[in-house]
2 protein chains.
Amino acid sequence: MRPASAHCQIDSVDSAAVDRAVGVVPDEARLKAIADIFSALGDPTRLRILIALSCERLCVCDLAAVTGVSQSGVSHQLRVLRDLDLVAFERMGKRAVYRLADEHVGILLSQGADHAEERFGGDGR
Amino acid sequence: MRPASAHCQIDSVDSAAVDRAVGVVPDEARLKAIADIFSALGDPTRLRILIALSCERLCVCDLAAVTGVSQSGVSHQLRVLRDLDLVAFERMGKRAVYRLADEHVGILLSQGADHAEERFGGDGR
DNA sequence: TGCACATATGAGCACTCGTGCATATGAAAG
DNA sequence: CTTTCATATGCACGAGTGCTCATATGTGCA
């Protein structure tokens with residue numbers, strides 16, 4: 001049985017390499033977890049929120065002002081980020097003041113920014 | 001004029017903090033570039049491809065075997081990754097052998113994996 | 001208790017994206 | 001040149017997503 005390659009006559013050129021590669025790929029659940037993290041960082045609005053929070057603690061209203069989307073939209077995105085433990089918040093009276101969950105998140109952000117910046121400067125194509 | 005907040009009576013609680021936050025957020029184009037990178041990492045299939053390539057140099061057929069998607073599907077995803085300079089390839093006869101563009105990509109991957117793994121272990125909810 | 005305000009949630013919509021099928025391009029072999 | 005095979009591309013479809021509007025929840029104040 002040949003599972004995937006419908007048009008390819010051979011399943012794998014180097015089956016040993018394939019086996020090794022399969023070995024290092026995490027299981028479905030972990031892979032999904034990693035993908036969810038990156039997906040969360042892969043939206044301009046959420047990026048704006050996170051980068052803003054990497055500089056200042058802000059409430060939802062202020063984040064709406066920073067991002068330029070509605071309060072509802074910000075709240076929806078914050079829920080996504082909260083569920084992934086990318087941001088945390090504490091109530092200050094009526095307001096909810098958000099911050100990055102930990103500096104790990106900030107590192108991820110700057111790593112991504114670095115890679116993007118490299119492409120910005122010396123893009124070969 | 002109150003641009004964004006339709007339901008919020010006040011635009012911003014701390015306008016100085018908002019201004020500082022806006023100051024650190026990159027411009028639209030750069031933000032899009034960063035988001036594109038993270039988005040590319042935010043798909044399980046592309047993650048499988050990248051993690052596999054972080055271990056072995058593989059051709060398209062082998063990547064199809066590793067990921068379990070069709071050759072066409074892999075090729076489509078590889079184009080995305082190529083356009084973002086996340087992977088590179090060289091022709092070996094008829095085959096195209098892919099590899100990570102640089103170790104920067106591997107670092108990003110493991111950073112994301114680390115964060116996901118933390119949540120896996122000590123998830124409070 | 002009743003009002004005002006900040007945030008969260010639900011529904012609906014437009015849009016994007018991942019995928020497979022069919023097919024085109026390209027490269028070696030006969 | 002023709003054939004064969006690996007890879008790339010165009011098209012279409014189903015699923016997921018980000019947004020706003022309307023509304024619910026919750027918090028503090030008179």
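Select strands β2 and β3 of chain B, residues 87-92 and 95-100: the two run antiparallel and are joined by six bridges. The model on the screen is a predicted one.

**Stop 1: the sheet of chain B**

Stay with this pair of strands and display individual residues. B:Glu90 stands opposite B:Val97 in β3(B). Select B:Arg91 next, and B:Ala96 of β3(B) will be found opposite. For B:Ala88, the bridge partner in β3(B) is B:Arg99.

Now follow the chain from β2(B) into β3(B). How many residues lie between the strands of this hairpin? There are two residues between the strands, and B:Gly93 in the hairpin has a positive phi near 65°.

Add β1(B) to the selection. This strand pairs with β3(B) in the antiparallel sense, over two bridges. One place to look is B:Leu58, whose bridge partner in β3(B) is B:Tyr98. With the three strands shown together, an open sheet appears in the order β1-β3-β2, with antiparallel pairing. The edge strands of this sheet are β1 and β2 of chain B, each of which pairs on one side only.

A general point may help in reading the view. Strands of a sheet pair through backbone hydrogen bonds, in either a parallel or an antiparallel manner.

**Stop 2: the sheet of chain A**

Move to chain A and select its three strands. They form an open sheet with the order β1-β3-β2 and antiparallel pairing. Why is one side of β1 and of β2 in chain A left without a neighbour in the sheet? β1 (58-59) and β2 (87-92) stand at the edges and each has a single partner strand, so one side of each has no neighbour in the sheet.

Select β1(A) together with β3(A): the two pair in the antiparallel sense over two bridges. Within this pairing, A:Leu58 has A:Tyr98 of β3(A) as its bridge partner.

**Stop 3: where the two chains meet**

Show both chains and select the residues in contact. Chain B contributes 69 residues to the contact, and chain A contributes 69 residues. About 5900 Å² is buried between chain B and chain A, with carbon and sulfur atoms giving 68% of this area. Three residues of chain B should be highlighted here. B:Phe38, B:His104 and B:His115 supply 11% of the area that chain B buries against chain A, more than any other three residues.

Next, look for charged pairs. Eight salt bridges are counted between chain B and chain A. To see a salt bridge in detail, select the side chains of B:Glu117 and A:Arg30, which meet in one at 2.2 Å, N to O. Across the interface of the two chains there are also 18 residue pairs in polar contact.

Which elements of chain B supply at least two residues each to the side that touches chain A? They are α1 (15-24), α2 (28-41), α3 (44-53), β1 (58-59), α4 (60-67), α5 (71-83) and α6 (103-122). The largest share comes from α6(B), with 15 residues. Colour this side of chain B by class, and 40 nonpolar, nine polar and 20 charged residues are seen.

**Stop 4: the surface near DNA strand C**

Display DNA strand C with the protein around it. There are 25 residues around the strand, of which A:Tyr98, B:Thr45, B:Arg46, B:Ser72 and B:Gln77 come nearest. Both chains take part: α4 (60-67), α5 (71-83) and β3 (95-100) of chain A, together with α3 and α5 of chain B, each supply at least two residues of this surface. The most comes from α5(A), with six residues. By class, the surface near DNA strand C consists of seven nonpolar, 12 polar and six charged residues.

Turn to the atoms of the DNA itself. Of the atoms of strand C within 4 Å of the protein, 61% belong to sugar or phosphate, and the rest belong to bases.

Three places deserve a separate selection:

- A:Val60, where a polar backbone atom is 3.2 Å from a phosphate oxygen of DNA strand C.
- A:Ala96, where a polar backbone atom is 3.3 Å from a phosphate oxygen of DNA strand C.
- A:His76, where an N or O atom of the side chain is 3.0 Å from a base oxygen of DNA strand C.

Conventions
Residues numbered from 1 in each chain as written. Chains lettered and ligands numbered in written order. Predicted model: local features only at pLDDT ≥ 70, side-chain atom pairs only at ≥ 80, totals over all residues. Heavy atoms only, no water. Contact = heavy atoms within 4.5 Å. Buried area = accessible area lost by both parts, 1.4 Å probe. Salt bridge = Lys/Arg side-chain N within 4 Å of Asp/Glu carboxyl O. Polar contact = N/O pair within 3.5 Å; in protein donor to acceptor, adjacent residues only side chain to side chain. Helix = DSSP H or I, 4+ residues; strand = E, 2+ residues; numbered from the N terminus. Nonpolar A, V, L, I, M, F, W, Y, C, P; charged D, E, K, R; others polar. Near = heavy atom within 4 Å. Pairing = 2+ DSSP bridges.
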